[in-house]
Amino acid sequence: QVQLVESGGDLVQPGGSLSLSCAASGSHFSTYVMGWYRQAPGKQRELVAYISSSGSTNYADSVKGRFTISRDNAKNTMYLQMNSLKPEDTAVYSCALPLEGSWGQGTQVTVSS
């Protein structure tokens, strides 16, 4: 099974930026659909964005125009660039291979002044 490890979570002020990374072990990384999800306290987990094996992307309406998902298949790594962060973006962010059922442990993003 593919192991996923997120990094980059932090405390940031509203309007700030943060970049998350998701490193994957194993082979065939380039063939996977990958996604970023988040779960805020007291709320259900929601899809933030996903990227296909061909590089096509899709975003939740709440993050369109502010977040960018990307992948580097040579490094077995997926990224989430988050700009213009808002307090409501505060959550634990996890990366996943949704079709394979593999999940990372999550990284905390807190947007607060």
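Let's start at histidine 28, which is exposed because its relative accessible area is 55%, and the cut-off for that word is over 50%. You'll find histidine 28 in the loop between β3 and β4, the latter covering residues 34-39. Check its backbone too: phi of histidine 28 is near 65 degrees, a positive value in a residue other than glycine. Keep in mind that you're looking at a predicted model.

Now hop to asparagine 76, in the loop between β7 and β8. Asparagine 76 also isn't a glycine, and its phi is positive, at about 50 degrees. Is asparagine 76 buried or exposed? Its relative accessible area is 19%, and buried means under 20%, so asparagine 76 counts as buried.

The two strands around that loop are worth following. β7 and β8 (residues 77-82) run antiparallel and are joined by six bridges. To find one of these pairings, look at arginine 71, whose bridge partner in β8 is methionine 78.

Zoom out a little and you'll see what these strands belong to. There is an open sheet of four strands, in the order β1-β3-β8-β7, and the pairing is antiparallel. Which strands sit at the edges? They are β1 (4-7) and β7 (67-72), and each of them pairs on one side only. Going from one strand to the next, the twist averages 15 degrees.

Next, try strand β11, made of residues 107-111. Its side chains alternate: Thr107, Val109 and Val111 point to one face and are buried. Gln108 and Thr110 point to the other face and are not buried.

Which way do the partners of β11 run? Strand β2 (residues 11-12) runs parallel to β11, with two bridges joining them. Leucine 11 has threonine 110 as its bridge partner in β11. Strand β9 (residues 91-97), on the other hand, runs antiparallel to β11, and three bridges join that pair. Here alanine 91 has valine 109 as its bridge partner.

Just along the chain from β2 comes a loop that leads to β3 (18-24), and proline 14 has its place there. With a relative accessible area of 40%, proline 14 is partly exposed. Where chain distance and spatial distance tell separate stories, it helps to look at both. Proline 14 and serine 112 are 98 residues apart in sequence, but from C-alpha to C-alpha they are 6.0 Å apart in space.

Another loop to visit lies between β5 (46-51) and β6 (57-59), and serine 52 is in it. Serine 52 counts as buried because its relative accessibility is 12%, which falls under the 20% cut-off. What does its side chain touch? The side chain of serine 52 makes a polar contact with the side chain of serine 54, at 2.9 Å.

Finally, look for the largest pocket, which has a volume of about 160 Å³. Which residues line the largest pocket? From one stretch of the chain come Arg38, Ala40, Pro41, Lys43, Gln44 and Glu46, and the lining also includes Pro87, Glu88, Thr90 and Ala91. Sorted by class, the lining has four nonpolar, two polar and four charged residues. You've met one of these already: Ala91 lines the pocket, and alanine 91 is also the residue that has valine 109 as its bridge partner in β11.

Key:
Residues numbered from 1 in each chain as written. Predicted model: local features only at pLDDT ≥ 70, side-chain atom pairs only at ≥ 80, totals over all residues. Heavy atoms only, no water. 1 Å grid on protein atoms, 1.4 Å probe; cavity = no way out; pocket = protein on both sides within 12 Å on 5 of 7 lines; lining within 4 Å. Points joined across faces, edges and corners; volume = space filled by probe spheres on them. Nonpolar A, V, L, I, M, F, W, Y, C, P; charged D, E, K, R; others polar. Pairing = 2+ DSSP bridges. Axes fitted to C-alpha atoms, helices over the stretch in contact; angles between N-to-C directions. Buried < 20%, exposed > 50% of the residue type's maximum accessible area, 1.4 Å probe, protein only. Polar contact = N/O pair within 3.5 Å; in protein donor to acceptor, adjacent residues only side chain to side chain.
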